[in-house]
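Dear colleague,

Here is the structure I said I would pass on to you, with my notes on what turned up when I went through it. Please read the notes with the structure open beside them.

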Amino acid sequence: KMFISSNHTINKFVLLGLAESSDVQLLLFGVFLLIYVFTLLGNIGMMTLVRTDPHLHNTPMYFFLHHLSFTDACYSTVIMPNLLVSFISRNKDISFAGCVAQLYSFVFFGIVECYLLAIMAYDRYAAVCSPLQYVVMLPRTVCVWLVSTSYLLGFLYAAIYTGCTFGGPFCNSNIINHFFCDIGPLMKLSCSNRFLREKVIFAFVSLNGISTGGIILISYLYILSTVLRMRSVQSRSKAFNTCASHLMVTSLFYGTGFFMYLQPSTSHNGLDKLAAVFYTLVTPLLNPIVYSLRNREVKEAFMKHMK
């Protein structure tokens with residue numbers, strides 16, 4: 001299983017995956033295939049609906065939601081097809097170039113998602129706390145600029161994370177104890193001094209997590225304060241339930257992400273794979289449900305198109 005040449009270069013890696021038993025792998029294949037299909041249906045359906053409905057297309061919230069759905073569909077596709085193939089095939093190899101591309105793409109869409117979630121939290125703050133100034137606070141040009149900046153930051157940070165991860169030789173082993181090429185499991189295989197590279201990754205993860213997470217938290221605290229002052233019990237209950245569902249999914253994404261990336265590579269254990277399943281597979285499935293299918297305007301637009 002060791003593909004290490006005399007000059008200490010590795011041509012490919014071996015992903016151990018989630019299970020060794022063939023029966024368990026077959027069961028996981030069925031479950032994860034359903035998750036992937038529903039993830040694509042939900043996110044591509046949301047993108048199509050926003051594109052074809054003029055009202056949704058011209059509303060900032062749904063403009064952001066369109067890009068979140070695109071990000072989630074791509075984010076899931078970076079990992080799922082390769083994982084599904086590994087369940088029904090004995091070949092668990094991934095080329096060195098394929099591993100680099102998978103890590104870069106995964107980090108890129110993950111970073112973009114963080115910034116889009118922060119933007120959407122600010123959007124909800126503007127809509128709930130300053131409804132009369134909502135259009136002024138988020139004109140189309142500002143919306144485009146915010147989304148473009150998210151993609152640009154994703155491109156830059158993904159380059160930094162990937163460069164740090166593959167910045168040293170892998171001469172210990174080529175076996176990755178994970179189901180995709182992730183930073184921590186790859187760092188464990190590095191035989192050079194990885195202290196500085198881990199510190200750089202830790203610093204940027206902290207910067208991204210604290211900045212975007214802080215915007216989300218502050219926005220929803222202001223929203224909660226406004227909701228509690230509402231006179232109508234029904235309006236208060238509806239707004240509170242919506243905010244609670246948004247925060248639940250966001251907390252799941254950030255909590256499992258922090259667990260993975262704010263610890264040194266030597267501290268990673270068996271819980272890593274479980275945490276990774278939540279932020280790579282479950283969150284992209286839940287986002288279209290929480291952010292769109294519970295929304296009255298989306299339901300009305302869907303029924304109109306169905307008719």
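A search of the whole structure, which is a predicted model, turns up 1 disulfide. The bond joins Cys99 and Cys181, whose sulfur atoms are 2.0 Å apart. The torsion about its S-S bond is about -120°, and the disulfide is therefore left-handed. Because Cys99 belongs to helix H5 while Cys181 sits in the loop between E3 and helix H8 (183-189), the pair ties together parts that are 82 residues apart in sequence. Both ends are enclosed: Cys99 is buried, with a relative accessible area of 0%, and Cys181 likewise counts as buried at 0% relative accessibility.

Two further cysteines deserve a remark. Cys74 takes part in no disulfide, and the nearest cysteine sulfur to it, that of Cys114, is 16 Å away. Cys164 is also in no disulfide, the nearest cysteine sulfur in its case being that of Cys99, at 15 Å; with a relative accessible area of 12%, Cys164 is buried.

Turning to the aromatic residues, a search of the whole structure finds 22 aromatic pairs. One of them is formed by Phe96 and Phe166, which meet edge-to-face, with 5.5 Å centre to centre and 75° between the planes. This pair links distant parts of the chain, since Phe96 is in helix H5 (residues 96-129) and Phe166 in the loop between helix H7 (140-165) and strand E3 (175-176), with 70 residues separating them. The two partners fall into separate accessibility classes, for Phe96 counts as partly exposed at 29% relative accessibility, whereas Phe166, with a relative accessible area of 16%, is buried. Phe108 and Phe109 form another edge-to-face pair, for which the values are 4.9 Å centre to centre and 75° between the planes. Phe108 is buried, with a relative accessible area of 15%, and Phe109 is buried too, with 12%. Elsewhere, ring pairs link Tyr75, Phe106, Phe179, Phe180, Phe253, Tyr254, Phe258, Tyr261 and Tyr279 into a cluster.

Helix H3 can be checked against its expected length. At 1.5 Å a residue, the 18 residues of this helix (residues 60-77) should span 26 Å, and the end C-alpha atoms are indeed 26 Å apart, which agrees. Of those 18 residues, 15 are buried, so H3 is largely enclosed by the rest of the structure. His67 lies in this helix and, at 16% relative accessibility, counts as buried. If residues up to four places away in sequence are not counted, His67 touches Leu116, Val147 and Tyr151.

Finally, I looked at Lys92, which is placed in the loop between helix H4 (80-88) and strand E2 (93-95). A polar atom of the Lys92 side chain lies 3.4 Å from the backbone oxygen of Ser86. Leaving aside neighbours within four places in sequence, Lys92 is in contact with Phe13, Val14, Leu15, Leu16, Gln25 and Ser86.

If you want a place to begin, I would suggest the disulfide between Cys99 and Cys181, followed by the pair of Phe96 and Phe166.

With best wishes

Terms used:
Residues are numbered from 1 along each chain as its sequence is written. This is a predicted model: local features need pLDDT of at least 70, side-chain atom pairs count only at pLDDT 80 or more; totals for chains, interfaces and linings use all residues. Side-chain values use heavy atoms; hydrogens and water are left out. Rings of Phe, Tyr and Trp (its six-membered ring) pair if their centres lie within 6.5 Å; planes under 30 degrees apart count as stacked, over 60 as edge-to-face and the rest as tilted. Helices (H or I, at least four residues) and strands (E, at least two) are DSSP runs, numbered from the N terminus. Buried means under 20% relative accessible area, exposed over 50%, partly exposed in between (1.4 Å probe, protein chains only). The expected span of a helix is 1.5 Å times one less than its number of residues. Contact means heavy atoms within 4.5 Å. A disulfide is a pair of cysteine sulfur atoms within 2.5 Å. A polar contact is a pair of N or O atoms within 3.5 Å; within protein, one must be able to donate a hydrogen and the other to accept it, and residues adjacent in sequence count only if both atoms are side-chain atoms.
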